[in-house]
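Biologist: Please take a close look at one loop in this model. Then work outward through the elements on either side of it.

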Amino acid sequence: MSLAVKRGTGSGKLDRELEIDVFVNRNGVVTNAQLVPTEIRVDIDMLSGEPPLDSLIATSNIFGFCGGSHQLAAANTLEHIWNAKVPKNALLIRSIAQASELLQHTCRWFYGTFAPDLTNPAFANIEPFEEVNKRFTKHKGTSFWNGMKGATIPMAIYALFGGHWPHGEFIVPGGVSTEIDQEKIQTAKQLIEKFKKDWLEASLLNDTVANYQQIQTLEALQTWVENKQPEELGDFALFLRSAIAFGLDKIGEGQNRFITYGAFNVGETDFQVNPINHIKGATIPAGFLNKKTFQSIKLDPFIEANSFFSIPDLNYNDKVVELGSLARMLMLGQKEKNPAYHLVMDIYQKEQASVFLRGLARLQEAFVLTEKITSWLDQIDLKEPFRFEVEERDGFGVGITESPKGGLLHLGEIKDGKIKNYRVISPNLINVFTKNGVTKSSALAVNLTGTLIKDLNNPIEIGLICRSMDASQTCKVNFLKNRSGKLLSSVKV
Amino acid sequence: MCLAIPGRIKQILSQNGSIRKAKVAFGQIIKDAYLDMTPTAKVGDYVLVHAGVAINLVNEKEAQKTFKYLEKYGGLDELLPD
């Protein structure tokens, strides 16, 4: 079997949009949504016959948008097969680089993908549109370029430890290959402090992180957002106020089932890499939130279903699940004792999942990761090792972690010292696509269903839901009649 | 969606205000890409393009290696002409 690139009717362009078939009833309510896969699907004989280490380079190069996360998942896969241990210093460096990849993505996602939707003409008559339009208009808004500039700071931290993002080849089985000295650590500390002061506090909050972290409930958040004029608000508070005014807290609820695979194992001195230890020790916890009930995640359904020789089922225990920042912040709120991390869970418990909460969660994650990076930098001990020797052997392994878009799963099999099978299950395959020949629904399809489209010529509700899930920058929406399936119109949003 | 394909900037299309767009060559195929995230990019540079946006500069060696992997594993199907 060759690598399968599942293609839909709208695929074939590098800058192509996500194509969605949206069934609507006579009232303009979405009754069903089908999403055409446009993503490369790395199937069973990817890398077959190649040396094992090629999986790190190939996957980080192919999936360049989140190359650091793929490189880590690939290393974890080999380390599982080889029964490898990794020293704490290496876990810290890996975590700092991975968190930096997430942070740069947050800056770019918010200003480049998500916030521009708030300037849609559909909201033109609702306060605080004028201020929103002034700041968040793509390319022209007063905050747009500042957001892009903000992304360069975590990228510089990544470069110090991981090389040129996203292709730095710094992760090796057993540790990291980067040479670390005090000067690098000091430079990284200065950069993360700069990110906090210049971007989080000056641009995003117009307040201190310490003050923001006092906000731990929905009520406290409302007070913080409501007591100022729009022009006095930081970009974050302006987003929150406009999102509620524009009704973004009422769309995109979905099925309220979330999964994280967990990320950032930094607690142990000599970490034995395997999925069970990963799930036990992840700083961003692994878990399954079934509506309001937290459960431990079992990887078996994924691994068995995605074994190399069965048909993949990308649901979890037959349930549609959502991956991504909201899932991560919900798990963190559930497991972490620090009340500064409880805000997203508090709102979820009192309200529901929504476009608003997804936006809030991704920005909240930036505060969490900035704090974590600072702490991890302090824990690096230059007297201790950064890499252990590994002994190669044949076998089957699983590598799991979190990429910017959500949980990421690699599966690999080595025989006679060469890769026999390799498979990557990227977050979009679970979160987004329905027409993959197996699953009939996805988190995005469920989140769209039930949404009232106020103007079929400007379905901004669809754009917002897609972009809140980080599914695509642009969408081609085919509106179809609910019962007959007759094409009503196609529109880009 | 997570793919990022390397190409070489052939022409900077506009610098109307701060908006920059480029003609980027991916082998024989030319596509437009925004340079929002690569403000220092210039003609002749290699950039990594994701969803119509150049997400970072890469050197020629890095670009060729990535292109080779994408070619091998079908990722360049994304480059069908418009």
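Modeller: Pro128(A) sits in the loop between helix 3 and helix 4 (129–136) of chain A. The model is predicted, so what follows describes computed coordinates. The peptide bond running from Glu127(A) to Pro128(A) is cis, and its omega is near 5 degrees. Most peptide bonds are trans, and most residues other than glycine have a negative phi.

Take helix 4 first. Within it, Arg135(A) makes a salt bridge with Glu131(A), and their closest N and O atoms are 3.0 Å apart. The two residues are four apart in helix 4 of chain A, so about one helical turn separates them. Residues three or four places apart in an α-helix point the same way because there are 3.6 residues a turn. Both partners are under the 20% cut-off for burial: Arg135(A) is buried, at a relative accessible area of 7%, and Glu131(A) is buried too, at 11% relative accessibility.

A pair in helix 6 (residues 182–205) of chain A makes a useful comparison. Glu193(A) and Lys197(A) are four residues apart there, about one turn of the helix, and their side chains meet in a salt bridge at 4.0 Å, N to O. Glu193(A) counts as partly exposed at 33% relative accessibility, and Lys197(A) as partly exposed at 43%. Another salt bridge joins the side chains of Asp381(A) and Lys383(A), at 3.7 Å, N to O. Here Asp381(A) is partly exposed, with 27% relative accessibility, while Lys383(A) is exposed, with 75%. Back at helix 4, the pair belongs to a network: salt bridges with shared partners join Glu131(A), Lys134(A), Arg135(A) and Asp235(A). The whole structure, over all chains, has 22 salt bridges.

Now the other side of the loop. Helix 3 (88–114) is one of the elements that each supply at least two residues to the lining of the largest cavity; the others are helix 2 (67–81), strand 9 (263–265), helix 10 (275–281) and strand 14 (395–403) of chain A. That cavity holds about 160 Å³ of space. Its lining has 17 residues, and those nearest its centre are Leu72(A), Asn76(A), Leu91(A), Asn265(A) and His278(A). By class, eight of the lining residues are nonpolar, eight polar and one charged.

Two of these elements lead to unusual backbone angles. Strand 9 of chain A contains Phe264(A), whose phi is positive, near 70 degrees, although the residue is not glycine. Phe264(A) counts as buried, at 4% relative accessibility. Beyond helix 2 comes a loop that ends at strand 5 (85–87) of chain A, and Asn83(A) lies in this loop. Asn83(A), also not a glycine, has a positive phi of about 55 degrees. Asn83(A) is partly exposed, at 45% relative accessibility.

Helix 3 has a further role as cover. Together with strand 2 (18–24), helix 14, helix 16 (443–448) and strand 17 (475–481) of chain A, helix 3 is among the elements that cover the buried residues of helix 17. Nine of the nine residues of helix 17 (residues 460–468) of chain A are buried, so the helix is largely enclosed by the rest of the structure. Charged residues are included: Glu461(A) and Arg467(A) are among the buried residues of helix 17. Just past the end of helix 17 of chain A, Asp470(A) has a positive phi of about 60 degrees.

The end of helix 17 also brings in the second largest cavity, which has about 70 Å³ of space. Ser468(A) lines this cavity, as do Met469(A), Glu322(A), Leu323(A), Gly324(A), Ser325(A), Leu326(A), Arg358(A) and Arg362(A). Helix 12 and helix 14 (355–379) of chain A are the elements that give two or more residues to this lining. The lining divides into three nonpolar, three polar and three charged residues. In total, the structure has four cavities of 30 Å³ or more.

Helix 12 (residues 325–335) of chain A has nine of its eleven residues buried, so it is largely enclosed by the rest of the structure. Among the buried ones are Ser325(A) and Leu326(A), along with Arg328(A) and Gly333(A). After helix 12 comes the loop to helix 13 (343–350) of chain A, where Pro339(A) lies. Pro339(A) is partly exposed, with a relative accessible area of 37%.

How values were computed
Residues numbered from 1 in each chain as written. Chains lettered and ligands numbered in written order. Predicted model: local features only at pLDDT ≥ 70, side-chain atom pairs only at ≥ 80, totals over all residues. Heavy atoms only, no water. Buried < 20%, exposed > 50% of the residue type's maximum accessible area, 1.4 Å probe, protein only. 1 Å grid on protein atoms, 1.4 Å probe; cavity = no way out; pocket = protein on both sides within 12 Å on 5 of 7 lines; lining within 4 Å. Points joined across faces, edges and corners; volume = space filled by probe spheres on them. Nonpolar A, V, L, I, M, F, W, Y, C, P; charged D, E, K, R; others polar. Contact = heavy atoms within 4.5 Å.
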